[in-house]
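Okay, thanks everyone. I'd like to spend a few minutes on salt bridges and on how far to trust the coordinates behind them. Let me put it up on the screen.

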Amino acid sequence: MNTEKSKQLFEEAKKYIPGGVNSPVRAFKSVGGDPLFIKKGKGSKFWDADGNEYIDYIGSWGPHLFGHNPSFIIDALKAAIENGTSFGAPTEMEIKMAEIITQLVPSVEMVRMVNSGTEATMSAVRAARGYNGREKFIKFEGCYHGHADYFLIKAGSGALTLGIPTSPGVTKGNAADTLLADYNDIGSIKKLVSANKNEIAAVIIEPIAGNMGVVKVKDDFIKELRAICDEEKIVLIFDEVMTGFRVAAGGAQEVLGIKPDLSTFGKIIGGGLPVGAFGGKKEIMEKIAPSGPVYQAGTLSGNPLAMAAGYAALKHIKDNPSIYKELEEKSSYLEKGFKKNLEAVGKNYAMNRVGSMMCMFFTEKPVNDFKSALTSDTALYGKYFHEMLNRGIYLAPAQFEALFISTAHSKENLDKTIKAHKEALENIL
Ligand SMILES: Cc1ncc(COP(=O)(O)O)c(C=O)c1O
């Protein structure tokens, strides 16, 4: 495979952009090698700067539920751009967008649009703090909620000690209000809650985690978490930036049958444009400025192009509920193919899947939390990634990410992927 042009572009990019990329995981650091520069995408595929073709399973890290450039999103964008790119004043489309979100996700009574998932999660935590006047919040090890300072924290020695910043530039002060719990371990929540009585504003969780690979919450765990939050008057935030509109039209909360107090969205909600949103109970959301005192704002929030693309995506979801059945069938076909291959090579690697989010961990231990995810052989994943890439299959360039299936993936695409998977495993094991 000739990747000369991508290599040249990467050298050029490194002169002006830190590490040559605008978001770290794109740089292939955890799998080795140089990143590919992508030129165009259509349906289930994209093409790099050298003209190589790939079946894409990252879908821009989640947004492309219908593959690249579906006509209904392109048409909506074309129509919107004729009227102008941004006004900084309200537009009717923002109401339609808010309305359709509340229809698809019933726990969301009111919603505020922002420009990224990070903005959504940081604003949701602020809303929770402004609502109940408390300062601390709990997050789970292995869950990612964007790059706001107080999310980039790891556990100190034992979950009851103060968090430690995981990135230079994050202060100890910021870390002090972040408490860390273990995913799927209600005991760790109980300990934190009793040691910080009446001080915890919120618990934020990826209800189906996609950032330590794919890990689903256990039913009894999430039920108990909901009950503890109710009892202790803690705001429960579901971070559905990845799962929202992907695992079901109503997100992970629909799959799990649990209503959070606040939810955060991103990715699919923008139809491929930079969009996020947070919303939930009216009594909390009404604390947001200008109806309340909790400040939150954005020059480009509710941007007309972003709203047009996002609304087209959500409208398509609302009008075509059968897409989730289709996604389930395609995803389970791929999973079955992978499992058969694993059997053939005598491996019992953990394979976690919820709808069209899937992850094969290079470990034979079941993966239920961050610690078990870390038992994966990440070096082996790196080899696997390159074997797949050389066969025209583009996976996430890191083990602890999801593989995303879209409605655009054809049976032929899936068969090619299953065949590549078998050859890749045979070559690396
Ligand atoms: C669950 C979750 N929350 C928040 C974010 C941050 O979103 P963004 O990258 O749009 O800031 C991500 C990004 O991958 C995510 O997966």
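So, confidence. This is a predicted model, and the mean pLDDT of the chain is 96, with 98% of its residues reaching 70 or more. Where do the extremes sit, lowest and highest? Strand S7, residues 164-165, is at the bottom with a mean of 76, while strand S12, residues 235-239, is at the top with 99. Those are the strands; now look at residues 157-161. pLDDT stays under 50 across that stretch, and the model gives it six contacts beyond four places in sequence. Where pLDDT is low, the predicted coordinates should not be read in detail. With that in mind, I'd leave the contacts of residues 157-161 alone today.

On to the salt bridges. How many does a search of the whole structure find? It comes back with 22. I've picked out three pairs and one network.

Pair one is in helix H10, which runs over residues 304-319. Lys-315 and Asp-319 make a salt bridge there through their side chains, at 2.7 Å from N to O. They're four residues apart, so about one turn of the helix. Are these two buried or exposed? In between, actually: Lys-315 has 35% relative accessibility, so it counts as partly exposed, and Asp-319 is partly exposed as well, at 46%.

Next helix, H11, residues 323-344. Here the salt bridge joins Lys-325 to Glu-329, and the closest N and O atoms are 3.3 Å apart. Again, the spacing is four residues, about one turn of the helix. Lys-325 is exposed, because its relative accessible area is 58% and the cut-off is over 50%. Glu-329, at 46%, counts as partly exposed.

Pair three sits in helix H14, residues 411-428. Glu-426 bridges to Lys-422, with 3.6 Å between the closest N and O atoms. Once more we have two residues four apart in one helix, about one turn. Glu-426 has a relative accessible area of 44% and is partly exposed; Lys-422 is partly exposed too, at 32%.

Last thing, and this one goes beyond a simple pair. Which residues are linked in a network of salt bridges? Arg-226, Asp-230, Asp-261 and Lys-281. If you have the structure open, have a look at those four side chains. That's what I had, so over to you for comments.

Notes:
Residues are numbered from 1 along each chain as its sequence is written. This is a predicted model: local features need pLDDT of at least 70, side-chain atom pairs count only at pLDDT 80 or more; totals for chains, interfaces and linings use all residues. Side-chain values use heavy atoms; hydrogens and water are left out. Buried means under 20% relative accessible area, exposed over 50%, partly exposed in between (1.4 Å probe, protein chains only). pLDDT is the predictor's confidence in each residue, from 0 to 100. Contact means heavy atoms within 4.5 Å.
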